[in-house]
Amino acid sequence: RAALLSYDWPLPVLSCTVRGCGADLVRTDRTWRCVNGHSFDTAREGYVNLLQPQDRKAVSPGDAREAVAARAALLSAGVGTTLIDAVTERVLTRHPRSGAVVVDLGSGSGDALAAVVSRAAVTGVGIDISAAAAAHAARRWPAITWVVANADRRLPLANGSADVVLSLHARRNPPECARVLAPGGTLIVAVPAADDLAELRAAIQGEATPRDRVAAVVEEHAGLFSVEERFATRETRDLDAAQVQALLRATYRGARTREAARAATLTGMAVTLGSEGVVFRS
């Protein structure tokens, strides 16, 4: 983590999210301002909240603090890092220059983007609708720009300002990704594989119905991107009871009332974490 603090890349080009504006934001001290007089203060944790009232569906949208902490604890124990390693290698291969801008949509606890920034020496921008997630990430990796915004709406980035956009089991916005990516930029999308958490789903729901999401991902990006590569990652981990409960909190499994009693009885078990990924070229 200390290495991240020594990077001296230019700040990414954020844009104003006030309706009808979209002007570039310039940071001075702890405030981001645009030429139209809109300003956004940096929170004490280090992130900037650009979420507009009309872009939220709840008072505190997105992941709660408990879900963010659970996901971070699992990643710290090595659970789920196979996908992060695969994505990092693909960023390194395609964008080896220092200072390339990598944007993570639905950045969550920040671990994935921090790993890419650390290994690839790039400029990172993490976007999540959860203030709890942004606060968690900003405290751990202050050299990365963390933004609270709704990735389903206009992304708070200037046209052509990103070299790579990531969507790892998170929100997807093909038109906006096409807008913010520079020519020849890379979009990496990963979705849960058909057998992802199959053992956990079977234990909680009584069955593990496989679902193929990749075809829909390719179809929704058609016309805006070309498919460069498809890849898959898979790991099976022996989790203890505490880690199983953390996985439930991180993935919302067992949250419904009718399944809560069954979830509470789970002890240690082997769990498969699988992802299907697509690398798109703009």
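The expected span of a helix is 1.5 Å times one less than its number of residues. Keep that in mind for the model on the screen, which is predicted.

Take helix α2, residues 81-94. What span should its 14 residues have, at 1.5 Å a residue? The answer is 20 Å, and because the end C-alpha atoms of α2 are 20 Å apart, the two values agree.

Which residues of α2 are buried? They are L83, I84, A86, V87, T88, R90, V91 and R94. On helices in general: an α-helix has 3.6 residues a turn, so residues three or four places apart point the same way.

Two of those buried residues come up again in the largest nonpolar core. That core has 33 residues, and V87 and V91 are among the ones that touch the most other members, along with Y47, V102, W146 and L166. Helices α2, α3 and α4 and strands β7, β8 and β9 each supply at least two residues of this core. Which element gives the largest share? It is α3, with six residues. As for V87, leaving aside residues up to four places away in sequence, V87 touches L166, L168, I188 and F231. Apart from this core lies another, of 32 residues, including C16, A23, W32 and F280.

Next, the sheet. It is open, with eight strands in the order β4-β7-β6-β5-β8-β9-β11-β10, and the pairing is mixed. Why do β4 and β10 have one side without a neighbour in the sheet? They stand at the edges and each has a single partner strand, so one side of each is left free of a neighbour there. For β10, residues 226-239, there are 13 bridges to β11, and these two strands run antiparallel. One example is E235, whose bridge partner in β11 is L273.

Helices pack on this sheet too. Helix α4, residues 131-140, touches β6 and β7, and its direction makes about 170° with that of β7. Helix α7, residues 214-221, touches β9, β10 and β11, and its direction makes about 20° with that of β11.

Last, the cysteines. A disulfide here needs two cysteine sulfur atoms within 2.5 Å. How many disulfides does that rule give? The count is zero. For C21, the nearest cysteine sulfur belongs to C16 and is 3.7 Å away, so by the 2.5 Å limit C21 is in no disulfide. For C34, the nearest is that of C21, at 3.8 Å, and C34 is in no disulfide either. C21 counts as partly exposed because its relative accessibility is 23%, whereas C34 is buried, with a relative accessible area of 9%.

Note on methods. Residues numbered from 1 in each chain as written. Predicted model: local features only at pLDDT ≥ 70, side-chain atom pairs only at ≥ 80, totals over all residues. Heavy atoms only, no water. Buried < 20%, exposed > 50% of the residue type's maximum accessible area, 1.4 Å probe, protein only. Helix = DSSP H or I, 4+ residues; strand = E, 2+ residues; numbered from the N terminus. Pairing = 2+ DSSP bridges. Contact = heavy atoms within 4.5 Å. Axes fitted to C-alpha atoms, helices over the stretch in contact; angles between N-to-C directions. Core = buried A, V, L, I, M, F, W, Y, C linked by side-chain atoms within 4.5 Å.
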